[in-house]
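Here are some worked exercises to try with the sequence and the 3D view side by side. Attempt each task before you read its solution.

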Amino acid sequence: MNGIQGKRWTEQTAGAVIGSAVGDALGAPFEFGPAGAFSARFPASGAAEEMCGGGGWDPGEATDDTQMAVLVAESLLEREGLDLPDIFRRFQRWASGAPKDIGLQTEEVLTNGGSWETAAARHFQVSQRAAGNGSLMRAATSAVYFARDGQRATMDAARAIAALTHGDPAAWEGTALFHELVRVTLEGGDPLAALPEILTLVHPDHRPRYATVLAPDWHPDRATEFNGAVWPCLGSAVWALRTTASFEEALRAAVDLGGDTDTVAAVTGGLAGAYYGLDVIPTRWTTRLHVPLPGFGDRVLELPQLLGLVHRLAA
Ligand SMILES: [Mg+2]
């Protein structure tokens, strides 16, 4: 890899991971709020206080989305590859550390006493509802790590990690779509132009529904579920990337959708960060960024530690 490609790869892989974390922290104070709340509070972009905190979150504090993404990253690095039981154990340890927020479904799966192989499936069998966005939200680090292994490998890894907490294959396919969109972007491709082809890689049972929410004319207003579900969450993130012209605008659009704002913005930030690169992520958003890791002592990762993590993931 030559110097220019290497620099671009570093910028864009860091953009994906830091972009997702920034979206998570930016959106967290607006979770379950109405549409337009962010713009109402910050009408012009560039206000120093945008990373405002609230709703139990400190300014710049990342939520479960990024916390779980860091857990996945540390497992991939320490186990030198995909070790699903190890990721599951880390998730359980984290869940037992009383995180400020944890998805309902994720909590049930991590605490129902099932093994890493059976817990999520057991939950899905009973509930029949397991297509939350909780596996999609944490996928930025694994998307970066597996991008170099190619299309099949990164999509299969996404499905396997998603299945640890989500028994519904719809969640696996949404997470696999995200991994592949990030891979295409990091390889220098246009993720939006690649979408029709990427959709052919989705399991046929789930393809029509993703084709709907990822279509160029789809708008989040047309969602048939709350954006805490995997389909409108991914659709909204792609919509935010498609209909804006900068990282900042994409994230403002995502948070302004209301609802599950931290996760929609985390997914948007992952895609937009990979696309635009770390350089354009505002420093007023990254300086206060921090990721506590409940269950793992008093560890709190700040920007330098997150960058260290992503450099090792992308190496
Ligand atoms: Mg969250």
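A residue counts as buried if 20 or more other C-beta atoms lie within 10 Å of its own, as exposed if 12 or fewer do, and as partly exposed in between. Keep in mind that this is a predicted model.

**Exercise 1. The annotated binding site**

Task: Find the positions to which UniProt gives the feature "binding site", and work out how they sit in space.

Solution: Begin with the record. The unreviewed UniProt entry places "binding site" at Thr63, Asp64, Asp65, Asp260, Asp262 and Thr263. These positions are spread over 201 residues of sequence, yet they cluster in space, with a largest C-alpha distance of 12.4 Å.

Next, take one residue from each stretch. Threonine 63 belongs to the loop between α2 (37-41) and α3. Around threonine 63 there are 26 other C-beta atoms within 10 Å, so this residue is buried. Once neighbours within four places in sequence are set aside, threonine 63 is in contact with Asp24, Ala28, Trp57, Asp101 and Asp262. One of these contacts, Asp262, is itself among the annotated positions.

Now turn to aspartate 260, which is found in the loop between α13 (247-255) and α14 (261-276). Its count is 27 other C-beta atoms within 10 Å, so aspartate 260 is buried. Leaving aside neighbours within four places in sequence, the contacts of aspartate 260 are Glu31, Asn133, Asn227, Gly228 and Cys233.

**Exercise 2. Checking a helix**

Task: Compare the expected span of helix α3 with the distance between its end C-alpha atoms, then decide how enclosed the helix is.

Solution: Helix α3 covers residues 64-78, which is 15 residues. The expected span is 1.5 Å times one less than the number of residues, so α3 should span 21 Å. The end C-alpha atoms of α3 are 21 Å apart, in agreement with that value. For the second part, 13 of the 15 residues of α3 are buried, so the rest of the structure largely encloses this helix. Just after α3, look at glutamate 80, where phi is positive at about 55°.

**Exercise 3. Positive phi in loops**

Task: Classify phenylalanine 32 and alanine 98 as buried, partly exposed or exposed.

Solution: Phenylalanine 32 is not a glycine, although its phi is positive at about 65°. Phenylalanine 32 is placed in the loop between α1 (3-27) and α2. With 12 other C-beta atoms within 10 Å, phenylalanine 32 is exposed. Alanine 98 also has a positive phi, near 55°, and lies in the loop between α4 (84-95) and α5 (104-111). Alanine 98 has 9 C-beta neighbours inside 10 Å, so it counts as exposed.

**Exercise 4. A pair of helices**

Task: Describe how helices α9 and α10 cross, and name the residues that meet.

Solution: First, the geometry: the axes of α9 (residues 169-186) and α10 (residues 191-199) come within 10 Å and cross at roughly 135°. Angles over 145 degrees would count as roughly antiparallel, and 65 to 115 as roughly perpendicular; α9 and α10 are therefore oblique to each other. The crossing of α9 past α10 is right-handed. Finally, the contacts: from α9 come Leu177, Glu180, Leu181, Val184 and Thr185, and they meet Pro191, Ala194 and Ile198 of α10.

Terms used
Residues numbered from 1 in each chain as written. Predicted model: local features only at pLDDT ≥ 70, side-chain atom pairs only at ≥ 80, totals over all residues. Helix = DSSP H or I, 4+ residues; strand = E, 2+ residues; numbered from the N terminus. UniProt positions renumbered as here; feature names shortened; annotations may be inferred. Contact = placed C-beta atoms within 7 Å. Axes fitted to C-alpha atoms, helices over the stretch in contact; angles between N-to-C directions. Parallel < 35°, antiparallel > 145°, perpendicular 65-115°, else oblique. Left-handed = near helix turned anticlockwise from the far one by under 90°.
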